Structure formats: structure tokens, C-alpha cells
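Let's take a friendly walk through this model. Have the sequence and the 3D view open as you read.

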Amino acid sequence: MKDKTIKESTVWQIAAHAIMIFGSLLALLPFILLVIASFTDNQTALVNGYSFFPEKWSLEAYEYIAREWVTVGRAYLMTIVVTVAGTVLSLVLTSTFAFAVSNDRLPGHKLLMFLSIFTMLFNGGIVASYYVYSNIFHIKDTVFALIVPNLLMTPFNVVLVKNYYKNSISPSILEAARIDGASVFQVFHKIVIPLSVPILATIGLMTAIAYWNDWTNGLYYLTERNGVKLYTIQLVLNKINENINFLANNSELAAKAASLPSTTMRMAIAVVGVLPIMIAYPFFQKYFVKGITLGGVKE
């Protein structure tokens, strides 16, 4: 009986691993095709389409990006600054707010949590938000336009962190610290934060990805006249793509467009934009799974 149980367990494990490997390949193969397509000769891609085994390889797409590296490099630097600053500020606001509303003895903590979750369901819309940020807070054509709107603190992250505090940190530890004379800030700084590394790394990664991939805030709040120096990599790469489309659709400039690797250029642009996040993700993966599992537990 015991041998039969072990055999059945082994079969289920093999089946589960096979399914996970298959699912992983389904997720990975499109990215591999994206990279290969970016190194494919443009004319070959136009004639034969994208392939895992192209007939002819080429670096034309990356050579074009290299020629524009003064602009692209500056955009990379701006993206790193915005991503780091936005992620750090978001972690500070999210962790402190979640710590406050996780305290059942705080007067009005349920109302604060309700107001936070309410914004997930209802908001003023794009027009109202644009008016407030542009005419009241005056963030247009400033670096704050890339940090503050929509990304600085999200209710979903607050819920994850709050649930982690409630379910993963024993109240007796916090109470013992208070009895020993620790202030609220000391409890938060010396006990809560060190015990919350998994969930903070998780929401930090999600927030960093959101900042890195964001281009709508730049589209709304940065103008080509005054805000071009603040363009992030996503905005610059989108502009390059638009310029290629403009050249291709303009009869007078069609000859110049024909000399550009427009088809493979789009693939190279996607690779340039996503590669840093792909490199960073493995370093956060061990925290990501644990943080999502514990932070997603309902009270």
C-alpha cells in the first residue's frame, strides 16, 4: 500500500513538472522569437516572416539604435532615476500606510482602508486627473509627472502589505517591543521592516516594472517643447517607432524609410525596453513567490 502511494505521488509529480515545463516554454518561446527576430535581416523578415531559424542574420536594427544612443542613453538614465525614486517613495508610503491601518486600535482605521479601496473602483477619470495635476499641482513638464500620477501608491499593494503584517508578524512581538519602551517608529523600523522583506521586495518589483514600462504619464504631462529632456526609454523608443511609421507613410520620404530596418527595428525596440527587467527579475523571484502567497492571505 505504501509503495502504491509513493508510486502515485511520483506519477503526479512527474505530470505536474511536465505541465509546468510546457507552460514555461509557452511563456518563454515568444520572447526567444522576439530576440531572434531583432537580429534577423530586415528584407528576410519581410519576405519570410519571423522565424526561429532565419536565413540571414543582421545587426541593422541595433546599429540604428546605437546611432541614436545619445538620446537613448539619456532616456535610460532618466528611466533608472524615475524607477528608483518612484519605487522607493512608493515603498515608504505603502508600508507606512499599511502599518497604520493594520493596527486595530487606531481610530478610523476601517474608514481609511475603505477610502483606499474605494479608489480602486471609482476615480475622477483622465480629464479630471489631468486638470488637477496640471493646473493645481503644476507637475507638467517636471520629473514629478513621471512619478506621482497613478503609480506612487496603489490600494492593491496596500492590501497585500496590510495582510502580510496581520498574518505573518505576531502581535506579541510588537507588544513586547512596546512594553520594553520602543516607540511606534522604532517598532516599525527595527521589527516590522526586517520581517517584511518578502512582501516589500514583491511590491517593489511590481512597482519598478510599472515605472519602467510606463509611458502614458509622459504622453499626458510632457510636451515636446519643454519636456523632451525628461523622456524615459519607453517614450523615446515609442517616438523612434512613430518616426519610422511617419517615414514609411510619407511618399516624399519613402526612399529614406526603405533604408531603415523598420520591421526588425520594432523587435529590437521591444528587446531594448524589456531586457533590464528580465535581468533583474531572477534576483527578486525568491521573495516574489513568498510575498504574494503570504500577502494574499485573507484575514
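## Terms and overall picture

A residue is called buried when its relative accessible area is under 20%, exposed when that value is over 50%, and partly exposed in between. Please keep in mind that this is a predicted model.

The protein has 14 helices and 0 strands. Along the sequence, the pattern therefore reads α-α-α-α-α-α-α-α-α-α-α-α-α-α, with helices as runs of at least four residues. Of its 299 residues, 35% count as buried. The accessible surface is about 18,100 Å², and carbon and sulfur atoms contribute 68% of that. If we take contacts between residues at least 6 apart in sequence, 73% of them bring together residues at least 24 apart.

## Confidence along the chain

How far does the predictor's confidence reach? The mean pLDDT of the protein is 80, with 85% of the residues at 70 or more. Among the elements, helix 4 has the highest mean pLDDT, at 89, while helix 13 (residues 254–258) has the lowest, at 49.

Two stretches deserve a careful eye. Across residues 251–257 the pLDDT is below 50, and this stretch makes 6 contacts in the model beyond near neighbours in sequence. Residues 295–299 also have pLDDT below 50, and here the model shows 14 contacts beyond near neighbours in sequence.

## Helix 9 and its two sides

Helix 9 covers residues 184–195, which is 12 residues. At 1.5 Å a residue it should span 16 Å, and its end C-alpha atoms are indeed 16 Å apart, so expectation and model agree.

Which residues of helix 9 are buried? They include Val 187, Phe 188, Ile 191 and Val 192. Viewed down the helix axis, the buried residues of helix 9 fall within an arc of 125 degrees, so they line one face of the helix. Phe 185 and Lys 190, on the other side of helix 9, are exposed. The cover over the buried residues of helix 9 includes helix 4 (69–101), helix 7 (155–168) and helix 8 (171–179).

## Aromatic pairs

How many aromatic pairs does the structure hold? There are 9. One of them joins Tyr 133 and Tyr 221, with ring centres 5.9 Å apart and planes at 85 degrees to each other. Planes over 60 degrees apart count as edge-to-face, and this pair therefore falls in that class.

The pair links distant parts of the chain: Tyr 133 sits in helix 6 (residues 125–136) and Tyr 221 in helix 11 (residues 216–221), 88 residues apart. Are these two residues buried or exposed? Both Tyr 133 and Tyr 221 are buried. They also belong to a wider group, as ring pairs connect Tyr 130, Tyr 133, Phe 137, Tyr 220 and Tyr 221 into a cluster.

## The loop between helix 6 and helix 7

Two residues with positive phi are worth a look here. His 138 lies in the loop between helix 6 and helix 7, and its phi is near 55 degrees, a positive value in a residue other than glycine. His 138 counts as exposed because its relative accessibility is 54%, and the cut-off for that class is over 50%.

Asp 141 is found in the loop between helix 6 and helix 7 as well. Although Asp 141 is not a glycine, its phi is positive, at about 60 degrees.

Conventions
Residues are numbered from 1 along each chain as its sequence is written. This is a predicted model: local features need pLDDT of at least 70, side-chain atom pairs count only at pLDDT 80 or more; totals for chains, interfaces and linings use all residues. Side-chain values use heavy atoms; hydrogens and water are left out. Rings of Phe, Tyr and Trp (its six-membered ring) pair if their centres lie within 6.5 Å; planes under 30 degrees apart count as stacked, over 60 as edge-to-face and the rest as tilted. Buried means under 20% relative accessible area, exposed over 50%, partly exposed in between (1.4 Å probe, protein chains only). The expected span of a helix is 1.5 Å times one less than its number of residues. The arc is that of the directions from the helix axis to the C-beta atoms. Contact means heavy atoms within 4.5 Å. Accessible areas come from the Shrake-Rupley method with a 1.4 Å probe; for residues, only the protein chains shown count as cover. pLDDT is the predictor's confidence in each residue, from 0 to 100.
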